Amino acid sequence: MSAQRSVKAASGRFVRPGLVLVTGALALTLAACGGGNSPTPAAAAPTTQTSRAPGGPGNPPPGTFGTAAAVSASSVEVQNPQNGQVTVNFNASTTFTNTVSATLADVTVGSCVSVTSATGGARATNLTARTVMITTAGANGCTAGGFGGGGGFVGGGGASRTPNPSRQPRPSGAPGAPGNFGRAFGSVTALSANGFTVHGMARGSNPAIDTTVTVNSTTTYTKSASATSSALAVGECIAALGPADDTGAVTARTIVISKAGPNGCVAGFRRGGGGGNG
């Protein structure tokens with residue numbers, strides 16, 4: 001009788017043969033893939049000096065910033081204290097911008113400006129300009145994701161640290177500013193005999209404001225100008241944007257060249273439109 005129950009029990013397993021076949025196939029598949037309830041985790045992707053994914057507010061495009069240590073026909077070696085030396089390759093599709101000296105006459109209605117001041121804070125309505133960086137407005141005007149048509153680079157800086165190279169870069173020619181330095185970024189809406197008015201951008205919960213900028217004999221001006229690889233020179237500050245390969249070498253989509261400041265090339269990278277007045 002016991003044997004008969006065993007036969008019935010065994011035969012009961014074959015009432016649904018398809019289930020047995022599927023279950024057996026699944027078991028074989030799991031065994032081939034490592035089996036059980038503890039699958040082998042996927043291998044982590046290799047990282048480089050510029051490993052953040054491009055795009056998005058938290059992931060601006062990768063690149064590098066520093067001092068040009070050597071220049072060749074298709075690359076420039078860029079050095080900074082944090083990341084050592086990075087090779088920046090360029091080609092016929094790379095866009096070059098050179099930051100050159102300018103004057104108040106280069107500030108025109110509709111142009112984008114980034115202004116720093118010794119005092120005033122980030123949302124001052126009146127500033128006395130220490131530095132003025134000028135660039136032509138892009139297709140979307142003076143936007144937070146890019147400094148006009150100049151590739152998202154902002155004048156000023158002089159900080160003593162070299163920031164993360166995954167952040168958006170800015171030239172470093174202007175001298176440093178104290179902790180409560182004033183700043184304004186946006187579009188020029190009006191000119192006066194001793195300055196101009198900047199319409200800033202809204203940032204988060206802060207609405208856009210207008211800042212009246214006064215200039216004097218100590219104000220310095222720079223502007224972005226289209227350039228070629230011939231403008232590259234040892235000792236210049238280089239801000240390159242582009243993807244990096246497994247060795248950390250960057251293939252530049254854009255390269256911005258600027259003169260070193262009193263502390264060298266130290267302003268580094270900054271996300272957005274230069275701190276704006278939003």
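Which strand holds Val132? In this predicted model, Val132 is found in strand β7, and the report starts from that residue before turning to the strand pairing, the disulfides, an aromatic pair and a charged residue.

## Val132 in strand β7

With a relative accessibility of 1%, Val132 counts as buried, because buried means under 20% relative accessible area. Although Val132 and Arg183 are 51 residues apart along the chain, their C-alpha atoms are separated by 9.8 Å. Arg183 belongs to the stretch of residues 182-192 that makes up strand β8, whose pairing is described next.

## Strands β8, β9 and β10

Strand β8, residues 182-192, and strand β9, residues 195-199, run antiparallel and are joined by five bridges. The connection from β8 to β9 is a hairpin that passes through two residues, and Ser192 stands opposite Gly195 of β9.

Strand β9 is also joined by five bridges to strand β10, which spans residues 210-214, and these two strands likewise run antiparallel. Within this pairing, Val198 has Thr211 in β10 as its bridge partner. As a general point on such elements, in a regular strand the side chains alternate between the two faces of the sheet.

## Two disulfides

A search of the whole structure finds two disulfides; when the bonded cysteines of the protein are numbered in sequence order, the pairing reads 1-2, 3-4. A disulfide is a covalent bond between the sulfur atoms of two cysteines. One of the two joins Cys112 to Cys142, with an S to S distance of 1.9 Å. Cys112 lies in strand β5 (residues 112-117), whereas Cys142 lies in the loop between β7 (131-135) and β8, so this pair ties together parts that are 30 residues apart in sequence. The torsion about the S-S bond of Cys112 and Cys142 is about -95 degrees, and the disulfide is therefore left-handed. Both Cys112 and Cys142 are buried.

A disulfide also joins Cys237 to Cys265, here with an S to S distance of 2.0 Å. Because Cys237 lies in strand β12 (residues 237-241) and Cys265 in the segment after β14 (254-258), the pair ties together parts that are 28 residues apart in sequence. The link of Cys237 and Cys265 is left-handed, with -90 degrees about the S-S bond, and Cys237 and Cys265 are both buried.

## The aromatic pair

The structure holds one aromatic pair. Phe90 and Phe96 form this pair in an edge-to-face arrangement, with 5.4 Å centre to centre and 80 degrees between the planes. The angle decides the class, because planes over 60 degrees apart count as edge-to-face.

Are these two rings buried or exposed? Phe90 counts as buried, since its relative accessibility is 9%, and Phe96 is buried as well, with a relative accessible area of 6%.

## Glu77 in strand β2

Glu77 has its place in strand β2, which covers residues 75-80. What is the nearest side chain of opposite charge to Glu77, and how many Å away is that side chain? The nearest side chain of opposite charge is Arg253, 19 Å away, and Glu77 is buried yet has no salt bridge. The absence of a salt bridge to Arg253 follows from the distance, because a salt bridge requires a side-chain nitrogen of Lys or Arg within 4 Å of a carboxyl oxygen of Asp or Glu.

The side chain of Glu77 does, however, have a polar contact of 3.0 Å with the side chain of Gln85.

Note on methods:
Residues numbered from 1 in each chain as written. Predicted model: local features only at pLDDT ≥ 70, side-chain atom pairs only at ≥ 80, totals over all residues. Heavy atoms only, no water. Pairing = 2+ DSSP bridges. Helix = DSSP H or I, 4+ residues; strand = E, 2+ residues; numbered from the N terminus. Phe/Tyr/Trp six-rings, centres within 6.5 Å; stacked < 30°, edge-to-face > 60°. Buried < 20%, exposed > 50% of the residue type's maximum accessible area, 1.4 Å probe, protein only. Disulfide = S-S within 2.5 Å. Lys, Arg positive; Asp, Glu negative; His and termini not counted. Polar contact = N/O pair within 3.5 Å; in protein donor to acceptor, adjacent residues only side chain to side chain.
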